Amino acid sequence: MTNTELDNGAPAPAFTLPRDGGETVSLGDFAGKPLVLFFYPRDDTSGCTKEAIAFTELTPKFAALGVSLLGISKDSVKKHEKFIAKHNLGMPLLSDEEGDMCEQYGVWKEKSMYGKTYMGIERSTFLINGDGKIAQIWRKVKVPGHAEAVLEAAETL
């Protein structure tokens, strides 16, 4: 699978992944409705926790706009369930353990820390409109103020 770069206006790549609670979620479940997909590196790490809590706090405002939220990482469903329970998170978390969705959305990147390079999820968010097209992409996300910026963009759909 190649690491593609998606652009605004491109059709959002289809997916079907397991989520917390044992169900599966597909892009088709949101046909005709806007959707926010936020990819994050790992459950229960500092930045990922802050981001998930920020989106949780804004969930009622997204819901008022008819916008659904989904978080995605390569963590297992079991880890997602612990993460949700620990922080009282308000959106489904999808498990992309195989990394196919991360590849399709171009978020599986070479990263470096302390001089070592490794592959990991680049924190990224995709706003998908009701037609299933990408309305806006945020890459290399910095957490402070990010959920608010996504909400602001969602208000323009």
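**Figure 1. The helices and strands of the protein chain.** Welcome to this predicted model, in which the protein chain has 4 helices and 9 strands. If you walk along the sequence, you meet these elements in the pattern β-β-β-α-β-α-β-α-β-β-β-β-α. Three strands therefore come before the opening helix, and a helix closes the pattern. Of the contacts between residues at least 6 apart in sequence, 64% join residues at least 24 apart.

**Figure 2. The protein chain as a whole.** Here you can take in the overall dimensions: the C-alpha atoms fill a box of roughly 40 × 35 × 30 Å along the principal axes. The radius of gyration is 14 Å, which agrees with the value near 15 Å that a compact globule of 157 residues would have. Of these 157 residues, 48% count as buried. The accessible surface comes to about 8000 Å², and carbon and sulfur atoms account for 51% of that surface. As for charge, the chain carries 18 positive and 22 negative charges, and their mean positions lie 6 Å apart.

**Figure 3. The salt bridge between R19 and D20.** The structure holds 4 salt bridges, and this view shows the one in which the side chains of R19 and D20 meet. From N to O, the distance is 3.1 Å. Is D20 buried or exposed? D20 is buried, because its relative accessible area of 12% falls under the 20% cut-off.

**Figure 4. The salt bridge between D44 and K86.** In this close-up, D44 pairs with K86, and their closest N and O atoms are 2.9 Å apart. The two residues come from distant parts of the chain, 42 residues apart. Look for D44 in the loop between strand 3 (35-39) and helix 1 (46-64), and for K86 in helix 2 (residues 77-87). D44 counts as partly exposed, at 38% relative accessibility, whereas K86 counts as exposed, at 57%.

**Figure 5. The salt bridge between E51 and R123.** Which parts of the chain does this pair link? E51 sits in helix 1, while R123 belongs to the loop between strand 7 (116-121) and strand 8 (124-128). Along the sequence they are 72 residues apart, yet their closest N and O atoms are 2.8 Å from each other. Both partners are buried: E51 has a relative accessibility of 1%, and R123 has a relative accessible area of 13%.

**Figure 6. The surroundings of L69.** You will find L69 in strand 4 (residues 68-73). At 6% relative accessibility, L69 counts as buried. Which residues does L69 touch, leaving aside those up to four places away in sequence? They are L35, V36, F55, T59, F62, M91 and P92. One of them, T59, is 10 residues from L69 in sequence, with 7.6 Å between the two C-alpha atoms.

**Figure 7. G115 in its loop.** This last view turns to G115, in the loop between strand 6 (108-113) and strand 7. Is G115 buried or exposed? G115 is exposed, because its relative accessible area of 77% is over the 50% cut-off. For a sense of distance, compare G115 with A63: the two are 52 residues apart along the chain, and their C-alpha atoms are separated by 42 Å.

Notes. Residues are numbered from 1 along each chain as its sequence is written. This is a predicted model: local features need pLDDT of at least 70, side-chain atom pairs count only at pLDDT 80 or more; totals for chains, interfaces and linings use all residues. Side-chain values use heavy atoms; hydrogens and water are left out. The radius of gyration is taken over C-alpha atoms; the globule rule is 2.2 Å times the number of residues to the power 0.38. Buried means under 20% relative accessible area, exposed over 50%, partly exposed in between (1.4 Å probe, protein chains only). Contact means heavy atoms within 4.5 Å. Accessible areas come from the Shrake-Rupley method with a 1.4 Å probe; for residues, only the protein chains shown count as cover. Lys and Arg count as positive and Asp and Glu as negative; His and the chain ends are not counted. The place of a charge is taken as NZ of Lys, CZ of Arg, CG of Asp or CD of Glu.
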